[in-house]
Every structure is written in C-alpha cells, then in structure tokens.
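Here are some notes to read alongside the structure. Keep the viewer open and look for each residue as you come to its name.

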Amino acid sequence: MRITPHISAAEGDIAEAILLPGDPLRAKFIAETFLEDAREVTSVRGMLGFTGTYKGMSVSTMGTGMGIPSASIYITELIRFYGVKRLVRVGSCGGLTADVPMRGIILASGACTDSMVNRARYGGWDFAAVADYGLLSATAGAAHAAGLEVHVGNVHSSDSFYNPVPNALEIWQRMNVLAVEMEAAGLYGIAAEEGARAMCVLTVSDHLVAAEETTSDERERTFGDMVTLALEGLFADAN
Ligand code: HPA
C-alpha cells in the first residue's frame, strides 16, 4: 500500500537520517559510492531514493528536484509519513563573495529567501530559517578533524535561477550572504514546523563574482568531499 503520493517506499524502508541532493542521479551516485548494501527504495517520477549504511549507521539518500516547491513535497512526506528525523541537503550553489572560492564548501547556518513559504508558515512575519545547531556543529567538527576548510554563514534560497531582480547581487553582498541556491530555506522551515533537524552543505559550482572554470573531475571530487563530510557529520551527531 502506497503511503504518500510522491514516494513509493514501504514503511520502514527509509532511514531516520537522509542526504538530499537536488539531482536524483546524484542520489544514485551517493548510494553506489558512499553507502554499503544500498538498495533503491523509491522511483516515483524518476526521483530516485536509496537506503544503505555508513559505518553501520542506516542512511538514505533521495533527490529533491530543484527549488523549494519540489523539495518541500519530498521533505514533508519524508518527515511526516516516513518518520525521517535528520535531513542534510548536499547541493551546489553560486558563490557571492571572493572569500568563498569556486569548489569551496559552505555550511548554511541560515537561509534568507525571496520565497513566501516561511512567511505563510509564520503569520506573515519573518521566520529565521536556521540549521539545526547539533548537526551544524557536528559537521563543522568533522570538517576540522578532516582538515577540510568550510565557510559557515547565511545563504540565499531563491525561487529564481534566472533572477529578475536587477540589484539582487548587490543586496546579497551588502548583507554578507555567502551564496545563492534554491532549497535551504524551505528545508529549514519544514524541519522547524515538523519537529525534525536539518542542515545544508553546499559546494560552490559557479561563481557570480570570481569567474573561474572548473572541470567535471574537479566537480566530482568536490562533491565527494562534501558527501563524506555530510555523512561524517551525521555519524558524529549520532555517536
Ligand atoms: N543560483 C541559484 N542556484 C544555484 C546557482 C545559482 O547561481 N548555482 C547553483 N545553484
């Protein structure tokens, strides 16, 4: 019997901890490369999800699609109907400051947004969409232990990849926002409302300030560093 409209996994098929890339093929790559005994648990609309283990800890990974509306459907169903408790988005972002270089790793301690979803949740006021402190500090600790540099700060979750606001970049930079992406504020709002814990790890895949090329090999290595870091953060948080 199907539990939700958008996920075909059976009850108990999804772990309490999940990594959420935007791209479902990245979920497949994570499952095949970083998890042990991984098996596919859902594939509705091609939005693949897998469950396996990392260092003996049960972990799932599933694509969210792009943008807050798509991601919100999956995130809500995962928490509300599958009992997922810890959610870590592993995504890419556009860098906004020269201090965070191409391929740099960001831990999004907070997420600003032009989306209305959190205002809708919060009576029209401005909800501070923040990462779970336990997950954030465990992941920052794991980065430190691995000698991996991370940048911790605000990101902007935009409803538009092709932003129509002419001075958006100037506004983000004035407020010291590190990067732009499209899901974190939605994830943090839902997690708060549903009583789950969430955070977001990002790699800078393109840069709006420092124009620099990156090869697909480099992108894959950076993505791998980020996934390992996210898994180590989840593991440290649980142990
Ligand atoms: N804008 C929004 N989301 C993104 C970007 C960007 O430039 N790069 C990667 N995700």
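The points below go from a central strand to the pockets, the ligand and a few single residues.

1. A word on the model. What you have in front of you is a predicted model. Please keep that in mind as you read each distance and angle.

2. Start with strand β5. Is this strand, residues 86-95, enclosed or open to the outside? Nine of its ten residues are buried, so β5 is largely enclosed by the rest of the structure. Burial here means a relative accessible area under 20%. Try colouring β5 on its own before moving on, as the next points return to it.

3. The parallel partners of β5. Strand β1, residues 17-20, runs parallel to β5 and is joined to it by four bridges. To find one of these pairs, look for L20, whose bridge partner in β5 is R89. Strand β9, residues 197-207, also runs parallel to β5, and here ten bridges make the connection. A good place to look is G91, which stands opposite L202 in β9.

4. The antiparallel partner. Which way does strand β8 run relative to β5? The two are antiparallel, and two bridges join β5 to β8, which covers residues 179-181. Within β8, V180 is the bridge partner of G94. Remember both of these residues, because they come back in the point on the ligand.

5. The largest pocket. This pocket holds about 500 Å³ of space. Its lining is made of 25 residues, and those nearest the centre are S92, C93, F161, E181 and M182. Which elements supply at least two lining residues each? They are β5, α5, β8 and β9. The largest share comes from β5, with six residues. By type, the lining divides into eleven nonpolar, eight polar and six charged residues.

6. The second largest pocket. Here the space is about 320 Å³. The lining has 15 residues, with C112, T113, R119, D126 and F127 lying nearest the centre. Two elements give two or more residues to this lining: β6 (105-113) and α3 (117-121). Of the contributors, β6 gives the most, with four residues. The lining residues divide into seven nonpolar, five polar and three charged.

7. The ligand. Which residues surround it? They are S92, C93, G94, F161, V180, E181, M182, S205, D206 and L208. Compare this list with the centre of the largest pocket: S92, C93, F161, E181 and M182 are the residues nearest that centre, and each of these names also appears around the ligand. Two distances are worth finding in the viewer. One nitrogen atom of the ligand is 3.3 Å from a polar backbone atom of G94. In the other, a ligand nitrogen is 2.9 Å from an N or O atom in the side chain of D206.

8. Two residues with positive phi. D37 has a phi near 50 degrees, a positive value in a residue other than glycine. D37 lies in strand β2, residues 36-42. With a relative accessibility of 68%, D37 counts as exposed, because exposed means over 50%. N176 also has a positive phi, near 55 degrees, and is likewise a residue other than glycine. Where does N176 sit? You will find N176 in the loop between α5 (168-174) and β8. N176 is exposed, and its relative accessible area is 61%.

9. R39 and a long view across the model. R39 is in strand β2. Its relative accessible area is 43%, so R39 is classed as partly exposed. Now draw a line from the C-alpha atom of R39 to that of F127: the two atoms are separated by 37 Å, and the residues are 88 apart along the chain. F127 should sound familiar from the second largest pocket, where it is among the residues nearest the centre.

10. A buried serine. Is S60 buried or exposed? S60 is buried, with a relative accessible area of 2%. It belongs to strand β4, residues 57-62. A polar atom of the S60 side chain lies 2.8 Å from the backbone nitrogen of A15. Show the S60 side chain in the viewer and you can find this contact for yourself.

Conventions. Residues numbered from 1 in each chain as written. Predicted model: local features only at pLDDT ≥ 70, side-chain atom pairs only at ≥ 80, totals over all residues. Heavy atoms only, no water. Buried < 20%, exposed > 50% of the residue type's maximum accessible area, 1.4 Å probe, protein only. Pairing = 2+ DSSP bridges. 1 Å grid on protein atoms, 1.4 Å probe; cavity = no way out; pocket = protein on both sides within 12 Å on 5 of 7 lines; lining within 4 Å. Points joined across faces, edges and corners; volume = space filled by probe spheres on them. Nonpolar A, V, L, I, M, F, W, Y, C, P; charged D, E, K, R; others polar. Near = heavy atom within 4 Å. Polar contact = N/O pair within 3.5 Å; in protein donor to acceptor, adjacent residues only side chain to side chain.
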